[in-house]
Structures are given as C-alpha cells and as structure tokens.
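This report concerns a single protein chain, presented for readers with a computational background. The sequence and the model are shown here.

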Amino acid sequence: MAILDILTIPDERLKRKAKPVTDINMVQGLIDDLLETLYNTEDGIGLAATQVGSEHAVLVIDLSPDRNHPQIFINPEIVMAEGQFVGEEGCLSIPGYRAKVTRSEKINIKALDRSGTPFDIDTDTFLAIVIQHEMDHLNGIVFTDHLSKLKQQIALRKVSKYA
C-alpha cells in the first residue's frame, strides 16, 4: 500500500473524466492506496481515484467515527436524485477552502463493491452529499465548479497560499 499525492486545483488532471473499471482485480491495489491516502489525511471522508491521477471510476468513503468502516464504490452511477439541500463543503483537492453547494437531497446509486458484486443504496443522509461530491470528481468536476467565478478565484488563491 502507498500514500498517494492528492491533486489540487488548478491541476488539469482533476478535469478528466473517469473510465469504467472492466477488471475488478486491476483496481484492488488502487483501492488499498486510496484508503491509505484517505486515512492519512486529517479530516478526509471521501476520495475519488481521479483525485490521485487515476482514470478509474472508483471512490472510497468512510463516515464512521473511528474511520474504520470504508465503503467502496466501483463504477458508481446515480439512478435517481430528488430534492435540494444546501450545505457547506470542503475538499482534499481544495485545501483550506469551504463553501455552500446545492446538491440533491435524496439519491439512489448503483455500483459494484470491492469484490465486483452489484449493489444499490437509497440515501437521504449525509452520505448522499458525500457520494455526489465524490462522483463529481469522477466526472471531472470539483465543488468550486458549482460556484460563481469570483468564489472560484478566491478558492484558487486560498489553495495557492496553502501550498
């Protein structure tokens, strides 16, 4: 396992769209590395493969208090989204910056687990927000893309100071 470098804006690789995983065995090491990288952060709760430069459609999330109950999503797809929720978000790719973002309040997602078994989740909890945030990364979107140009410039300046 390895701790990977997390890309930060304005790295152009964050704008790449992920490609579907066709061989589950090929991403097992990546999943281990994503988890180790996530757990090496002070407050990270989710990480998409595209945030570390991989083009695989994989994301990991751990909302457990002790950070010991990871959820793995391979080739995730939002099947249904409804309602609206506005909440403050931060991002490992935009350290030191937080802003309010509008997301769907309730989602249904289908994906493959680590072993390649299909599953789906209906959620209207904080998990729904985190999944949408991480799935944006798989689509080449960072949360500041949902903000005004002025707020995007502020975020970029904060990241420059943070670095």
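The sections below treat the overall fold, a strand pairing, the loops on either side of β2, the salt bridges and a surface patch.

## Overall architecture

The model is a predicted one. Its secondary structure consists of three helices and seven strands. Read from the N terminus, these elements follow the order α-β-β-β-β-β-β-β-α-α.

The radius of gyration of the protein chain is 15 Å, which agrees with the value near 15 Å that a compact globule of 163 residues would have. Along the principal axes, the C-alpha atoms occupy a box of roughly 45 × 40 × 30 Å. Buried residues make up 45% of the 163 in the protein chain. The exposed area of the protein chain is about 8800 Å², with carbon and sulfur atoms supplying 50% of it. Among contacts with a separation of 6 or more, 67% involve residues 24 or more positions apart.

## The β4-β5 hairpin

Strand β4, residues 85-91, pairs with strand β5, residues 94-103, in the antiparallel sense, and the pairing comprises seven bridges. The connection from β4 to β5 is a hairpin that runs through two residues. Within this arrangement, Glu88 is placed opposite Lys100 of β5.

## Loops on either side of β2

Ser54 belongs to the loop between β1 (46-48) and β2. Is Ser54 buried or exposed? Its relative accessibility is 13%, and because buried means under 20%, Ser54 counts as buried. When residues up to four places away in sequence are set aside, Ser54 touches Leu30 and Ala49.

Arg67 is found in the loop between β2 and β3. Its relative accessible area of 23% makes Arg67 partly exposed. Which residues does Arg67 contact, leaving aside its neighbours within four places in sequence? They are Leu38, Tyr39, Thr41, Glu42, Asp43, Gly44 and Asp62. One of these partners, Gly44, is 23 residues from Arg67 in sequence, with a C-alpha to C-alpha distance of 9.5 Å.

## Salt bridges

The count of salt bridges comes to nine. One of them joins the side chains of Lys15 and Asp145, with an N to O distance of 3.9 Å. Lys15 lies in the segment before α1 (28-40), and Asp145 in the loop between α2 (126-138) and α3 (149-162), so this pair ties together parts that are 130 residues apart in sequence. Lys15 is partly exposed at 46% relative accessibility, and Asp145 is likewise partly exposed at 34%.

A salt bridge also links Glu77 and Lys110, whose closest N and O atoms are 4.0 Å apart. Because Glu77 is in strand β3 and Lys110 is in strand β6 (residues 106-112), the pair ties together parts that are 33 residues apart in sequence. Glu77 counts as partly exposed, with 40% relative accessibility; Lys110 is partly exposed as well, with a relative accessible area of 41%.

Between Asp136 and Arg103 there is a salt bridge in which the closest N and O atoms are 2.7 Å apart. Asp136 lies in helix α2 and Arg103 in strand β5, so parts that are 33 residues apart in sequence are tied together by this pair. Both Asp136 and Arg103 are buried. In addition, a network of salt bridges links Arg16, Lys19 and Glu55.

## A nonpolar surface patch

Which residues form the nonpolar patch on the surface? The patch consists of Ile45, Leu63 and Phe126, which together have about 250 Å² of accessible area.

Leu63 is located in the loop between β2 (58-61) and β3 (71-82). With a relative accessible area of 33%, Leu63 is partly exposed. Because patches are made of residues with over 30% relative accessible area, the 33% of Leu63 is sufficient on that criterion.

Terms used:
Residues numbered from 1 in each chain as written. Predicted model: local features only at pLDDT ≥ 70, side-chain atom pairs only at ≥ 80, totals over all residues. Heavy atoms only, no water. Pairing = 2+ DSSP bridges. Helix = DSSP H or I, 4+ residues; strand = E, 2+ residues; numbered from the N terminus. Patch = residues over 30% accessible without salt bridge, like charges linked within 9 Å, V, L, I, M, F, W, Y side chains within 5 Å. Areas by Shrake-Rupley, 256 points an atom, 1.4 Å probe, with all protein chains shown as cover. Buried < 20%, exposed > 50% of the residue type's maximum accessible area, 1.4 Å probe, protein only. Rg over C-alpha atoms; globule rule 2.2 N^0.38 Å. Contact = heavy atoms within 4.5 Å.
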